[in-house]
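Let's take a friendly walk through the side chains of this protein and see who meets whom. Keep the view open and turn it as you read.

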Amino acid sequence: MGNALTALFALALLAPVAARADATELTGQIRSYWINRQTADTGPLALANAIQPGTAGMDGATAGAQAELRASASMGAVQLHAHAGLQAQEVEGSRADTQSRVNEAYAAGQALGWQWSAGKKIVSWDVGYGFRPNDVVQQEVRRTLTSETPEGRPLLMAEHFDADTAWSVVWVNPTQERSDTGAQEAALAARVYRRSGAVDWHGFVRQGEHTGPSVGAAASWVANDALELHASVRAYQHADSSVSTVTDGSLVNMNPWRAHLSGAGQQVLIGGTWTSETQISVLVEAWHDDTALTDAHWSVWTARNRALPLWLKQGVPTAAVAGNLAWQGKAFGVSNSLRQDNLFVRLSWQQDRWQTALDVLYTPADQGTVTSASVVWSGERFKLEAGLRTHGGPADAVLRQLPVQRQGYAVAVWAF
């Protein structure tokens, strides 16, 4: 429990300030959750555990609770904001664990017609729902099983607004090492936004410490009361990735997956939302992501999965074969998009305090699917949510071979 004080540090900093502040505010929530998981019966991790149980760790049912506090204080022209949380959870077969996190802790103000922020802050850009090519600051993971507050990034930010235009300049992760990758990479990023009638236009540019430059654009058009269309595109010089040093069925004695800086590529999204007068909404999005492994890479990966078990017939120790199969699971973490081409459809219905939703992610290359269903009831201070997510498709579909095949969850939230 000692590290729990870390998460509350940002809030504690505001305590002496609040006594002398012009205005203060303290809010929070308590969130309890339960997740039940059914492990997959196909794929390299399932096969590794079948050969030698316990080779690839799998999370079982999880129960936990989170306490979050948000605090803000105003001292003259400077505003202070903090959001911290403490989580306790227990995974089936493991000891209970307590974690803490500061989601946001920043100061904000104005100078020379610009608004500025300094500290740890959530800055999410772009127009997509299932995928966001130009979310180059926060780099938030989309379509998580349950909704949670993301962890902000350390940054310095300046913004300028007028009636139709907004400019934003961000130095994210300013103190990170050059070797840090992904969302931890130090970078300079800028966005310009302009409203022109029914269309919102966005332009983006980013200079990463080691991934180099990227440039992007996005637009959202409200065609009428029922229809909205959006698109986003980003071209980059390099991207953080991983690659296996082994492309055949040979055995190795160490993890063959290595960090790799890929070449130039693109990310493209197109989509739209139709909403009826009865609050039934249909969202359709399609995207291409060059940061994901190519079809050729996945074909080599599949061939290796099939070749490795053949070593057992030659008397090779089961631990060696199972270990090599478990390392194959590293391919799942190369990119947030497992396949380069994706189609996403979401159907939702809002009725008073109830919202139900059903969505499907489909990968045309191998016919893999992820199907999610959820129901939410929202009151004044309480919210209840439950849902189910299933990975399907042919046995050799990448989505079907993820470690977990089916997940069910329930969440209860009390806000104060």
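Trp298 is a good place to begin: in this predicted model, its relative accessible area is 2%. Because anything under 20% counts as buried, Trp298 is a buried residue. Trp301, at 4% relative accessibility, counts as buried too. Both tryptophans belong to helix 4 (residues 295–307), where they sit three residues apart, about one turn of the helix. Their rings form an edge-to-face aromatic pair, with 4.9 Å from centre to centre and 90° between the planes. Phe332 joins Trp298 and Trp301 to make one aromatic cluster.

The model holds six aromatic pairs in total. Another of them is formed by Trp125 and Phe204, a tilted pair with 6.0 Å between the centres and 40° between the planes. Which parts of the chain does this pair tie together? Trp125 lies in the loop between strand 5 (114–121) and strand 6 (153–161), while Phe204 is in strand 9 (residues 199–208), so the pair connects parts that are 79 residues apart in sequence. Both of these residues are buried. Rings can also have a charged partner here: Arg142 lies over the face of Tyr129, 5.9 Å from the ring centre.

Now move to strand 11 (residues 227–236), the home of His230. With 7% relative accessibility, His230 counts as buried. Its side chain is joined to that of Glu285 by a polar contact of 2.7 Å. Among the other residues that His230 touches are Val127, Gly128, Leu269 and Leu283.

Charged pairs come next. Side chains of opposite charge can pair when their charged atoms come close. How many salt bridges does the model contain? The count comes to 10. One of them joins Glu209 and Arg178, whose closest N and O atoms are 3.4 Å apart. Glu209 is in the loop between strand 9 and strand 10 (212–222), and Arg178 is in the loop between strand 7 (165–172) and strand 8 (187–196), so this pair links distant parts of the chain, 31 residues apart. Glu209 is partly exposed at 38% relative accessibility, whereas Arg178 is exposed at 52%.

Glu185 and Arg206 also meet in a salt bridge, at 3.2 Å from N to O. Here, both residues are buried. Asp200 and Arg195 form another salt bridge, at 3.4 Å, and Arg195 is partly exposed at 45% relative accessibility. Finally, look for Asp295, Arg339 and Asp366, which are linked in a network of salt bridges.

Key
Residues are numbered from 1 along each chain as its sequence is written. This is a predicted model: local features need pLDDT of at least 70, side-chain atom pairs count only at pLDDT 80 or more; totals for chains, interfaces and linings use all residues. Side-chain values use heavy atoms; hydrogens and water are left out. Rings of Phe, Tyr and Trp (its six-membered ring) pair if their centres lie within 6.5 Å; planes under 30 degrees apart count as stacked, over 60 as edge-to-face and the rest as tilted. Helices (H or I, at least four residues) and strands (E, at least two) are DSSP runs, numbered from the N terminus. Buried means under 20% relative accessible area, exposed over 50%, partly exposed in between (1.4 Å probe, protein chains only). A charge sits over a ring if NZ of Lys or CZ of Arg is within 6 Å of the ring centre and within 35 degrees of the ring normal. A polar contact is a pair of N or O atoms within 3.5 Å; within protein, one must be able to donate a hydrogen and the other to accept it, and residues adjacent in sequence count only if both atoms are side-chain atoms. Contact means heavy atoms within 4.5 Å. A salt bridge is a side-chain nitrogen of Lys or Arg within 4 Å of a carboxyl oxygen of Asp or Glu. Lists of a residue's contacts leave out its neighbours within four places in sequence.
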